[in-house]
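The following note sets out several points on side-chain packing and pairing for a colleague's consideration. Each point may be checked against the structure shown here.

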Amino acid sequence: MSAPRQQVDFSAGLLYSLLGLGFAWGAYGYGLGTPARMGAGFFPFWLGIGLGVLGAGAMFRAWSRQLPRQRLERWAWKPLGWVLGGLALFAVLLPWAGLLIATALLVSVSSRASAQFTWRASLVSAAVVSVFCALVFVVGLGLPMPLWPLFLG
C-alpha cells in the first residue's frame with residue numbers, strides 16, 4: 001500500500017480517531033443509559049465515537065487522487081514550548097495568584113509563540129481575555145475560583 005497523498009490530513013485523522021476512541025472507551029465505564037434516560041457517559045461516549053468516525057474519514061480522504069501531494073512540515077518546537085509553558089504557568093499559578101493574573105500571564109507568555117509578537121498587543125490581549133474570563137467563569141457561571149491572589153483576600 002502506498003503512502004497517503006495528504007500526510008497532514010492523515011495525521012490529523014489519526015489523532016482524531018485515537019482521541020475519539022480513547023474518550024469513548026473511557027466514557028463507556030460510566031453508565032450510558034438510553035436516549036430517553038441518558039447516563040453520565042452517554043454524551044461523551046457518542047461524541048468520542050463521532051470524533052473517531054470523523055478522523056477515519058479524514059484518514060480515508062488522505063489517499064484521494066484528486067488532492068495534491070502534501071507532506072508534513074517540521075515541528076516548530078520554540079512556539080510549542082511557549083504555548084505549553086504558558087499553560088503550565090497558568091495551571092501552577094491559578095490557585096495562588098488568582099484567575100486575573102494567571103490568565104494575563106498565560107496570554108502574555110503564549111503570545112510569544114507568534115512571529116508577529118509585540119508587547120503592546122500582548123498586554124492588551126491579556127487584559128481583555130482576563131476580564132472576559134472573570135466575567136464568564138466567576139460572575140456568569142459562578143465557579144469557585146479566586147479572582148485575586150490569596151494574600152489580597
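1. Helix 4, which spans residues 99–110, contains S108. The model is a predicted one, and in it S108 counts as buried, with a relative accessibility of 11%. When neighbours within four places in sequence are set aside, the contacts of S108 are F117, S122, L123 and A126.

2. One of these contacts of S108, F117, also takes part in a charge–ring arrangement: R112 lies over the face of F117, 4.7 Å from the ring centre.

3. The largest nonpolar core has 7 residues, namely L94, L99, L100, A102, C133, A134 and V138. At least two residues of this core come from helix 4, and at least two from helix 5 (119–140).

4. V138, a member of that core, deserves separate mention. Apart from neighbours within four places in sequence, V138 is in contact with L99, C133, L143, M145 and L147. Among these, L99 and C133 are also listed in the largest nonpolar core.

5. The salt-bridge count for the model is 1. The partners are R61 and D9, whose closest N and O atoms are 2.8 Å apart. Because R61 belongs to helix 2 (residues 42–61) and D9 to helix 1 (residues 7–28), the pair ties together parts that are 52 residues apart in sequence. R61 is partly exposed, at a relative accessible area of 44%.

6. Aromatic pairs number 5. In one of them, F10 and W63 meet edge-to-face, with 5.3 Å between centres and 80° between the planes. F10 is in helix 1 and W63 in the loop between helix 2 and helix 3 (77–97), so this pair ties together parts that are 53 residues apart in sequence. Both rings belong to partly exposed residues: the relative accessibility is 23% for F10 and 30% for W63.

7. A further edge-to-face pair is formed by F45 and W46, with a centre-to-centre distance of 5.0 Å and an angle of 85° between the planes. F45 counts as buried at 14% relative accessibility, whereas W46 is partly exposed at 48%. Which residues make up the aromatic cluster that includes this pair? The cluster consists of Y28, F45 and W46.

8. Two of the points above concern links between helix 1 and parts distant in sequence. The salt bridge joins D9 of helix 1 to R61 of helix 2, while the aromatic pair joins F10 of helix 1 to W63 in the loop between helix 2 and helix 3.

Conventions
Residues numbered from 1 in each chain as written. Predicted model: local features only at pLDDT ≥ 70, side-chain atom pairs only at ≥ 80, totals over all residues. Heavy atoms only, no water. Salt bridge = Lys/Arg side-chain N within 4 Å of Asp/Glu carboxyl O. Helix = DSSP H or I, 4+ residues; strand = E, 2+ residues; numbered from the N terminus. Buried < 20%, exposed > 50% of the residue type's maximum accessible area, 1.4 Å probe, protein only. Contact = heavy atoms within 4.5 Å. Core = buried A, V, L, I, M, F, W, Y, C linked by side-chain atoms within 4.5 Å. Phe/Tyr/Trp six-rings, centres within 6.5 Å; stacked < 30°, edge-to-face > 60°. Lys NZ or Arg CZ within 6 Å of the ring centre and 35° of its normal.
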